[in-house]
Amino acid sequence: SSSGASVVAIDNKIEQAMDLVKSHLMYAVREEVEVLKEQIKELIEKNSQLEQENTLLKTLASPEQLAQFQA
């Protein structure tokens, strides 16, 4: 019966180790998600700015210049 108890003890230690690994992974993933969310926010803002600049440049461009871009 002592071997049965030791198997249970080993199983418990394995489960604890797996829980610890899971906790560390989840923390790392959450951190990465926050970084990516911030990068997405910055890219959306930059894209919006570039779209506004593009619209302005198109309004200021001559018909010949616009024709070059469409070609």
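Is S48 buried, exposed or partly exposed? S48 is partly exposed, since its relative accessible area of 32% falls between the 20% limit for buried and the 50% limit for exposed. Keep in mind as you look around that this is a predicted model.

Let's step back and take in the whole chain. Its secondary structure amounts to two helices and zero strands. Picture a box drawn along the principal axes: the C-alpha atoms fill roughly 90 × 25 × 5 Å. The radius of gyration tells a similar story, at 29 Å for the chain, while a compact globule of 71 residues would come out near 11 Å. As for what is tucked away, buried residues make up just 1% of the 71 residues. The chain exposes about 6,700 Å², and carbon and sulfur atoms supply 62% of that area.

Now follow helix α1, which covers residues 2–60. I10 sits in this helix, and I10 is partly exposed, with a relative accessible area of 47%. That value is over the 30% that a patch member needs, so I10 can count towards a patch on the surface. Indeed, I10 teams up with I14 and M18 in a nonpolar patch, and together the three have about 310 Å² of accessible area.

Further along, you reach a stretch that comes with a label. UniProt, in an unreviewed entry, places the feature "coiled-coil region" at residues 26–60. In the model, that stretch is 100% helix and 0% strand, and the C-alpha atoms at its two ends are 51 Å apart.

S48, where we started, belongs to helix α1 too. To get a feel for distance here, try pairing S48 with M26: they are 22 residues apart in sequence, and from C-alpha to C-alpha they are 33 Å apart in space.

What about charges? Side chains of opposite charge can pair when their charged atoms come close. A search of the whole structure turns up one salt bridge. E34 and K37 are the partners, and their closest N and O atoms are 3.9 Å apart, which fits inside the 4 Å cut-off for a salt bridge. Both E34 and K37 lie in helix α1, three residues apart, or about one turn of the helix. E34 is partly exposed as well, because its relative accessible area is 49%, a value under the 50% limit for exposed.

Methods
Residues numbered from 1 in each chain as written. Predicted model: local features only at pLDDT ≥ 70, side-chain atom pairs only at ≥ 80, totals over all residues. Heavy atoms only, no water. UniProt positions renumbered as here; feature names shortened; annotations may be inferred. Helix = DSSP H or I, 4+ residues; strand = E, 2+ residues; numbered from the N terminus. Patch = residues over 30% accessible without salt bridge, like charges linked within 9 Å, V, L, I, M, F, W, Y side chains within 5 Å. Areas by Shrake-Rupley, 256 points an atom, 1.4 Å probe, with all protein chains shown as cover. Salt bridge = Lys/Arg side-chain N within 4 Å of Asp/Glu carboxyl O. Buried < 20%, exposed > 50% of the residue type's maximum accessible area, 1.4 Å probe, protein only. Rg over C-alpha atoms; globule rule 2.2 N^0.38 Å.
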